[in-house]
Amino acid sequence: MNERVSILMILLILFLLIICNLVISAVNKEILLSGENTFSGGLIRPSFLITPAKFPNDKKIILIHKQGAGKSNEDEIVFGMPQDTFADILAFIDYGKIDYNKKNYPAFQLKITEEEKQKIIEPIIIDENGEKGIIDRKIIENIISQVWPDYDYKKATEILQEWFNIAKRPKVYYESLSVGDKKMILIGDFAIDVTKHLSNNDKFLFDTMATSIIDFVYLGEFNSNKRTHFFEKYGDKKAVDYYKRWNAGKLKGSFSPFVKYGDIRKKYIKTCVWENKRPPEWVKELFLDQIGVNLKVSTNEQQ
């Protein structure tokens with residue numbers, strides 16, 4: 001009798017151990033699958049594939065190439081913008097950080113085409129006026145030195161084959177502007193008209209930015225007086241003078257004040273993020289939903 005009891009007790013203990021092991025395995029699996037900041041290297045990282053081009057009369061253009069489809073007719077599609085406009089966009093992007101093999105990498109990839117390695121572009125670049133341009137890498141190097149001085153281009157373009165951890169999620173900071181019936185989205189000083197719908201060019205711009213890895217952070221309604229206040233409060237006389245001249249249209253083609261004065265830009269972004277304003281419904285409907293950014297992300301990261 002005692003032997004039977006002992007055997008039953010042993011079987012019961014074994015059964016309980018098996019159940020406990022299954023529960024622990026399930027919990028561990030859930031933790032691995034639900035970790036917000038851990039992603040497979042197979043996921044798309046936010047990126048731009050660009051060609052910096054210089055044209056006659058010192059005109060400098062950044063060509064953004066379509067990515068991801070792998071079809072030759074789509075690979076040839078480009079969206080061009082002046083260098084100062086591209087700098088505006090980058091200035092309001094936090095490129096984030098990836099941990100991989102005990103090293104840090106930028107999460108946002110800025111990939112520059114190389115004429116001798118890729119067939120995405122023709123040897124001769126022609127603009128809309130038929131003028132011939134040349135690739136000039138110094139254009140983008142100058143922009144990066146202004147807006148992302150610590151950005152490691154070589155690390156950013158490395159392909160990470162295995163699991164990596166998003167130590168700091170990249171972010172796009174944007175504002176809204178509503179004047180009468182007109183609705184605008186601003187990334188720095190780059191304005192996007194979303195009154196009726198996003199144009200194909202604007203959708204193209206967000207093709208490789210609106211991924212599950214990046215956050216779009218609302219800074220509030222655009223207010224020129226608020227921007228002026230930040231330059232007057234945190235800038236020296238030179239910075240204030242630059243802001244006023246640029247705002248008056250006297251520095252066309254030059255970098256915007258927030259590009260040129262990064263410390264003031266960072267204070268502006270930090271203050272606006274801290275205010276934590278909710279985007280108007282039209283921002284969600286006409287902009288976020290249209291580019292596929294419709295999930296609210298909660299984070300305890302320092303902005």
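Leaving aside its neighbours within four places in sequence, with which residues is W148 in contact? In the predicted model described here, W148 is in contact with L90, I93, Y95, F108 and L110, once those sequence neighbours are set aside. This set of contacts offers a starting point from which the interior of the protein chain can be described, beginning with the chain as a whole.

The protein chain has 303 residues, of which 42% count as buried, and its secondary structure comes to eleven helices and 15 strands. Among the contacts between residues at least 6 apart in sequence, 70% join residues that are at least 24 apart. The accessible surface of the chain comes to about 18,200 Å², and carbon and sulfur atoms account for 53% of that surface.

W148 also appears in the description of the nonpolar interior, since the largest nonpolar core has 66 residues, and W148 is listed with F48, F86, L110, I143 and F216 as the residues with the most contacts inside this core. Helix α11, which spans residues 281-291, gives the most to this core, with six residues. Apart from this core lies another, of eight residues, among them I98, A107, F164 and I213.

One of the contacts of W148 is L90, a residue that lies in helix α3 (residues 83-91). With a relative accessible area of 0%, L90 is buried, and, when residues up to four places away in sequence are not counted, L90 touches F48, L110, I143, V147 and W148. L90 and Y173 are separated by 83 residues in sequence, while their C-alpha atoms are 9.9 Å apart in space.

Two of the residues touched by L90, I143 and V147, belong to helix α4 (residues 137-147), in which I139, I140, I143, I144 and V147 are buried. These residues cover an arc of only 130° around the axis, and therefore they lie on the same side of α4. An α-helix has 3.6 residues a turn, so residues three or four places apart point the same way. The buried residues of α4 pack against β2 (47-55), β3 (59-65), α3, β8 (109-112), α9 (257-260) and α10 (262-275). At the N-terminal end of α4, D136 acts as a cap, with a side-chain oxygen that lies 3.1 Å from the backbone nitrogen of K138.

A comparable description can be given for helix α11. Its buried residues are W282, V283, L286, F287, L288 and I291, and because they cover an arc of only 150° around the axis, they are placed on the same side of α11. The face turned away from this buried side carries the exposed residues E281 and E285. The cover over the buried residues of α11 includes β12, β13 (182-187) and β15 (215-221), and just after the helix G292 takes a positive phi of about 85°. Strand β12 (residues 171-179) contains K171, which counts as buried at 1% relative accessibility. The side chain of K171 reaches the backbone oxygen of R169 at 3.0 Å.

Strand pairing was examined next. Strand β2 is joined by two bridges to strand β10 (residues 132-135), and the two strands run antiparallel; in β10, the bridge partner of K54 is I134. Strand β10 also pairs with strand β9 (residues 125-126) in the antiparallel sense, again over two bridges, and here I126 has K132 as its bridge partner in β10. The hairpin of β9 and β10 has five residues between the strands, and within this hairpin G130 takes a positive phi near 85°.

Positive phi values also occur in residues other than glycine. N57, which is found in the loop between β2 and β3, has a positive phi of about 60° although it is not a glycine, and N57 is exposed, with a relative accessible area of 76%. N101 has its place in the loop between β6 (97-100) and β7 (103-105), and its phi is near 50°, a positive value in a residue other than glycine. At 55% relative accessibility, N101 counts as exposed, because a residue is called exposed when its relative accessible area is over 50%.

Methods
Residues are numbered from 1 along each chain as its sequence is written. This is a predicted model: local features need pLDDT of at least 70, side-chain atom pairs count only at pLDDT 80 or more; totals for chains, interfaces and linings use all residues. Side-chain values use heavy atoms; hydrogens and water are left out. Helices (H or I, at least four residues) and strands (E, at least two) are DSSP runs, numbered from the N terminus. Buried means under 20% relative accessible area, exposed over 50%, partly exposed in between (1.4 Å probe, protein chains only). Contact means heavy atoms within 4.5 Å. Accessible areas come from the Shrake-Rupley method with a 1.4 Å probe; for residues, only the protein chains shown count as cover. A nonpolar core is a set of buried Ala, Val, Leu, Ile, Met, Phe, Trp, Tyr and Cys residues joined through side-chain atoms within 4.5 Å. The arc is that of the directions from the helix axis to the C-beta atoms. A polar contact is a pair of N or O atoms within 3.5 Å; within protein, one must be able to donate a hydrogen and the other to accept it, and residues adjacent in sequence count only if both atoms are side-chain atoms. Two strands pair if DSSP finds at least two bridges between them.
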